[in-house]
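Biologist: Please take a close look at one part of this model, a helix and its surroundings, and describe the packing and the charged side chains there.

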Amino acid sequence: MLHRGQESTDGTGGGELTVPMAWLYAEYIADELLRTGDLMPPTSFEFRAGRDALALTIFLSDTDGELSGIRVVTQLETWMSLTAYDQPWQDWVRERMAGLAAEAVESGGPAPDLELAEAAWRWLQETELLAPDLNAVPGGGALVGEDEGPKVWTPAWQLGLPLGHLAIHLF
């Protein structure tokens with residue numbers, strides 16, 4: 001299996017299926033972190049937003065192209081700092097994606113990992129989810145349930161990022 005668009009080791013370099021292992025592994029780690037945290041049902045859009053935001057963070061923070069099962073625990077602090085509330089995560093994602101796109105153009109080979117990451121990023125930016133308005137100040141009495149408070153349409157990444165951060169923290 002090829003990784004991140006590298007040529008095959010037999011020298012043919014063409015006509016083979018390139019498996020996006022780096023992206024699939026990042027998505028698997030994100031999925032496991034969210035399932036372990038048991039924060040959202042795995043079938044919900046909120047879960048998908050958290051998984052995609054966390055998978056992007058994991059994939060893009062892997063600057064050496066060597067995601068390893070052994071290193072997952074050592075990377076938790078890095079992922080937690082990247083997903084923290086006060087960090088410019090969206091700008092960081094754009095910069096890393098642009099850098100990987102430039103590398104893919106230079107190499108001239110297929111970049112299936114990058115294509116999947118771009119699709120996830122597009123979904124996170126273009127999809128809006130109805131979520132509680134955390135900036136609203138309730139006027140009057142206490143709310144009985146969370147569904148009774150003010151809601152706003154929120155880009156999926158803004159909902160998924162804190163969910164991913166919390167999942168890392170709970171792990």
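Modeller: An angle between axes of 65 to 115 degrees counts as roughly perpendicular. The model is predicted, and the part to examine is helix 1, residues 21-37.

Helix 1 packs against helix 6, which covers residues 156-170. The angle between the two is about 70° and their axes are 8 Å apart. Helix 1 and helix 6 are therefore roughly perpendicular to each other. On the side of helix 1, the contact is made by Leu 33, Leu 34 and Gly 37. Helix 6 contributes Leu 163, Gly 164, Ala 167, Ile 168 and Leu 170. Sorted by type, the residues of this contact are 6 nonpolar and 2 polar, with no charged residue among them.

Met 21 also belongs to helix 1. With a relative accessibility of 32%, Met 21 counts as partly exposed, because buried means under 20% and exposed means over 50%. The C-alpha atom of Met 21 is separated by 8.9 Å from that of Pro 112, a residue 91 positions away along the chain.

Now the charged side chains. Side chains of opposite charge can pair when their charged atoms come close. The model has 5 salt bridges when a side-chain nitrogen of Lys or Arg must lie within 4 Å of a carboxyl oxygen of Asp or Glu. One of them joins Arg 35 and Asp 31, with a distance of 2.6 Å from N to O. Both residues sit in helix 1, 4 residues apart, which is about one turn of the helix. The two partners differ in accessibility: Arg 35 is partly exposed at 43%, whereas Asp 31 is buried at 15%.

Glu 27 takes part in a network of salt bridges together with Arg 48, Arg 51 and Asp 52. Within this network, Asp 52 forms a salt bridge with Arg 48, and the closest N and O atoms of that pair are 3.5 Å apart. Asp 52 and Arg 48 both lie in helix 2 (residues 45-61), again 4 residues apart, about one turn of the helix. Asp 52 also meets Arg 51 in a salt bridge, at 3.4 Å from N to O. At 3% relative accessibility Asp 52 counts as buried, while Arg 48 is partly exposed at 32%.

The loop between helix 1 and helix 2 contains Asp 38. Most residues other than glycine have a negative phi. Asp 38 is not a glycine, yet its phi is positive, at about 50°. Its relative accessible area is 64%, so Asp 38 is exposed.

A charged residue elsewhere in the model offers a contrast with these pairs. Arg 96, in helix 4 (residues 89-107), is buried but has no salt bridge. The nearest side chain of opposite charge is that of Glu 103, 5.3 Å away. Apart from its neighbours within four places in sequence, Arg 96 is in contact with Leu 60, Asp 62 and Thr 63.

To return to the part requested: helix 1 meets helix 6 through a contact without charged residues, and the salt bridge between Arg 35 and Asp 31 lies within helix 1.

How values were computed:
Residues numbered from 1 in each chain as written. Predicted model: local features only at pLDDT ≥ 70, side-chain atom pairs only at ≥ 80, totals over all residues. Heavy atoms only, no water. Axes fitted to C-alpha atoms, helices over the stretch in contact; angles between N-to-C directions. Parallel < 35°, antiparallel > 145°, perpendicular 65-115°, else oblique. Contact = heavy atoms within 4.5 Å. Nonpolar A, V, L, I, M, F, W, Y, C, P; charged D, E, K, R; others polar. Buried < 20%, exposed > 50% of the residue type's maximum accessible area, 1.4 Å probe, protein only. Lys, Arg positive; Asp, Glu negative; His and termini not counted.
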